[in-house]
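Welcome, and please take a moment to look over the structure below. A short tour follows.

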Amino acid sequence: MSAKTAAFAAQSATSPLAAMSIDRRDPGPRDVQMEILFCGVCHSDLHTARGEWPGIVFPVVPGHEIVGRVTAVGKEVKGFKAGDLAAVGCLVDSCRGCASCKEGLEQFCDGMVMTYNSPDKHMPGKMTYGGYSKSIVVDERFVLRVPKNLDPAAAAPLLCAGITTYSPLRHWGAGRGKKVGIVGLGGLGHMGVKFAHAFGAHTVLFTTSASKIEDGKRLGADEVVISKDDAQMGKHIQSFDFILNTVAASHNLDAFTNLLKRDGTLCLVGAPSTPHPSPNVFPLIFKRRAIAGSLIGGLPETQEMLDFCGKHSIVCDIEKIAMADINTAYERMLRSDVKYRFVIDMATLR
Ligand code: NAP
Ligand code: ZN
Ligand code: ZN
């Protein structure tokens, strides 16, 4: 059994997003059904809706930064009840038996099911549909708790932009005594700056936008470097322990590897559709530097991140939009004109 739900979808890589009615399953014994209140707008939504990555199946209903109100739960659900505030991020299922699942690193499971554009185990032949919709039904194991003191709209982007920056900063030990760079002040980057600062690292923002210098400092950067300015970049050679690169477009990585200390790591989380130019190996070989990648975060770490944000009153800087404004929001995101995450108020979708 299923229920019709209002949603916004891209029917092809070239069509703007528009209203579409989708089916949501009725909650099974372990499912949580939520009315979606807010959904953040991630650059991955844009990459997917515009067919910029391989393997995209249309129609696409994007959205993986979801905060909502629980409307019903299955009889085996223990952690949630109707009326609770709850959240869903980038994952809605995984195999649960592999080494990554057992370690709570479900994002690395070969059988993980993403919130949108993954084959839907419950609706054979269909893909999963994301948070640009009125409701969603998700297995309890993939539903998160939102600290009560956080504004639900401003907490929504924590579910992707938050965990995608929190996880690598924790993994590579960003903290006191470390010099940490964040590249790009967009949705991910602004959370990277907030977390690196909160963990006690000396935090340096690299931006291409001179207009973002003051915001970068307000958000927690100790220094802001205009990455297009070779003289400013040159002052930081061989000084960073870790650099997190969130840029959504192809660019030259050598400018950043050269800024790492011996044994430093440049971690890429940005996923542009056109590959970066191949990095020069000599700066890597001569200083044993590494270029690494990181993918969102598992369920336990996502809850840890939300609880950390609750304890330290950290949320995202957002601009609320109506569902009908999504196509304009995508164009603005491409111009780096967002401070610093759009969040859809789902009450505007009827
Ligand atoms: P966003 O809000 O659009 O921010 C990207 C930022 O990159 C921009 O604000 C801009 O910052 C900078 N930038 C854009 N074009 C650039 C260019 N040509 N050269 C240099 N800098 C440029 O995007 P987002 O939502 O944060 O996502 C960023 C990327 O991460 C996307 O590719 C997304 O798909 C990916 N992502 C990956 C994961 C993961 O798990 N690995 C998770 C979520 C998203 P400045 O104006 O400061 O330069
Ligand atoms: Zn995302
Ligand atoms: Zn698994």
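A good place to start is ligand 1, where an oxygen atom is 2.8 Å from a polar backbone atom of I296. Please keep in mind that this is a predicted model. The polar contacts of ligand 1 described here can be set side by side.

| Residue | Part of the residue | Atom of ligand 1 | Distance |
|---|---|---|---|
| I296 | polar backbone atom | oxygen | 2.8 Å |
| S294 | backbone N or O atom | nitrogen | 2.9 Å |
| R341 | polar side-chain atom | oxygen | 2.6 Å |

How much of the accessible area of ligand 1 does the protein cover? On its own, ligand 1 has 920 Å² of accessible area, and the protein covers 89% of that. Two elements, α1 and α5 (187-198), each give two or more residues to the shell around the ligand. Of these, α1 provides the largest share, with three residues. In total, 29 residues surround ligand 1, and the closest are T207, T208, S209, K212 and R341. R341 thus appears both in this closest group and among the polar contacts in the table.

Next, let us turn to the metal. Which protein residues act as donors to the zinc ion, ligand 2? They are C42 through its SG atom, H64 through NE2 and C160 through SG, and they lie 2.0 to 2.2 Å from the ion. Along the chain, these donors follow the spacing C-x21-H-x95-C. The two cysteines link distant parts of the chain, being 118 residues apart. C42 is in the loop between β3 (31-40) and α1 (43-49), while C160 is in the loop between α3 (152-155) and α4 (161-171). Are these two cysteines buried or exposed? Both C42 and C160 are buried.

The aromatic side chains offer another way to read the model. The count of aromatic pairs comes to 10. One of them joins F195 and F199, which are stacked with 6.0 Å from centre to centre and 20° between their planes. F195 is buried because its relative accessible area is 0%, under the 20% limit. F199, at 8% relative accessibility, counts as buried too.

A pair with another geometry is made by F206 and F256. Why is this pair called edge-to-face? The ring centres are 5.4 Å apart and the planes stand at 80°, and planes over 60 degrees apart count as edge-to-face. F206 belongs to strand β11 (residues 202-207) and F256 to helix α8 (residues 254-257), so the pair ties together parts that are 50 residues apart in sequence. Both F206 and F256 are buried.

Returning to the stacked rings, F195 and F199 also belong to one aromatic cluster together with Y166 and F308. F308 has a charged partner as well: the charged end of R170 sits over its ring, 5.3 Å from the centre. A like arrangement involves K179, whose charged end sits over the ring of F240 at 4.6 Å from the centre.

One last stop is a glycine. G68 has its place in strand β4 (residues 66-73). With a relative accessible area of 0%, G68 is buried. How far apart are G68 and G83 in space, and what separates them in sequence? Their C-alpha atoms are 9.5 Å apart, and the two residues are 15 residues apart along the sequence.

Conventions: Residues numbered from 1 in each chain as written. Chains lettered and ligands numbered in written order. Predicted model: local features only at pLDDT ≥ 70, side-chain atom pairs only at ≥ 80, totals over all residues. Heavy atoms only, no water. Donors = N, O, S within 2.8 Å, 3.2 Å for Na, K, Ca; no water. Helix = DSSP H or I, 4+ residues; strand = E, 2+ residues; numbered from the N terminus. Buried < 20%, exposed > 50% of the residue type's maximum accessible area, 1.4 Å probe, protein only. Phe/Tyr/Trp six-rings, centres within 6.5 Å; stacked < 30°, edge-to-face > 60°. Lys NZ or Arg CZ within 6 Å of the ring centre and 35° of its normal. Near = heavy atom within 4 Å. Polar contact = N/O pair within 3.5 Å; in protein donor to acceptor, adjacent residues only side chain to side chain. Areas by Shrake-Rupley, 256 points an atom, 1.4 Å probe, with all protein chains shown as cover.
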